[in-house]
Amino acid sequence: GEASAAAAADPFVYYVQVGAFRSAEEAEALRARLALQGFEAKISEREQAGQRVHRVRLGPFPNRVEAEVMQERLKAKAFETALVRVQR
């Protein structure tokens with residue numbers, strides 16, 4: 001349908017990042033807080049400037065609109081978020 005055509009035209013997938021921490025414990029605590037509110041986040045690790053960062057993210061979302069809807073839901077529960085775009 002039209003929705004899949006629109007998704008195919010978008011070269012990115014989107015994530016909603018709720019936090020990034022040096023500490024795995026802090027990341028896990030945030031993931032657990034999100035889970036209590038019914039949000040299923042995942043933790044992904046990455047090296048940044050020689051430091052390991054634990055990123056707490058929801059997604060991937062196939063398009064920006066779905067990611068923004070999730071951002072609004074999180075904002076309503078007082079979570080700070082950032083939209084992250086990743087090449088498919």
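This passage describes the aromatic and nonpolar side-chain arrangements in a predicted model.

A pair of aromatic rings is described by the distance of the centres and the angle of the planes. In the model, one aromatic pair was counted. The ring centres of phenylalanine 39 and phenylalanine 79 are 6.3 Å apart and the ring planes stand at 85 degrees, so the pair is classed as edge-to-face, the angle being over the 60 degrees required for that class. Distant parts of the chain are linked by this pair, since phenylalanine 39 belongs to the loop between α2 (24-36) and β2 (42-48), whereas phenylalanine 79 belongs to the loop between α3 (64-76) and β4 (82-87), 40 residues apart. Both phenylalanine 39 and phenylalanine 79 are buried.

Two further rings are each covered by an arginine. The charged end of arginine 57 is placed over the ring of tyrosine 15, at 5.3 Å from the ring centre, while arginine 85 lies over the face of phenylalanine 12, with a distance of 3.9 Å to the centre of that ring.

The largest nonpolar core comprises 16 residues, of which Leu34, Leu58 and Leu74 touch the most other members. Two or more residues are given to this core by each of β1 (12-21), α2, β3 (51-61) and α3, and the largest share, four residues, is that of β1. When neighbours within four places in sequence are left aside, leucine 74 is in contact with Val16, Val18, Leu34, Phe39, Leu58, Phe79 and Thr81; the contacts of leucine 74 thus include both members of the edge-to-face pair, Phe39 and Phe79.

Conventions: Residues are numbered from 1 along each chain as its sequence is written. This is a predicted model: local features need pLDDT of at least 70, side-chain atom pairs count only at pLDDT 80 or more; totals for chains, interfaces and linings use all residues. Side-chain values use heavy atoms; hydrogens and water are left out. Rings of Phe, Tyr and Trp (its six-membered ring) pair if their centres lie within 6.5 Å; planes under 30 degrees apart count as stacked, over 60 as edge-to-face and the rest as tilted. Buried means under 20% relative accessible area, exposed over 50%, partly exposed in between (1.4 Å probe, protein chains only). A charge sits over a ring if NZ of Lys or CZ of Arg is within 6 Å of the ring centre and within 35 degrees of the ring normal. A nonpolar core is a set of buried Ala, Val, Leu, Ile, Met, Phe, Trp, Tyr and Cys residues joined through side-chain atoms within 4.5 Å. Contact means heavy atoms within 4.5 Å.
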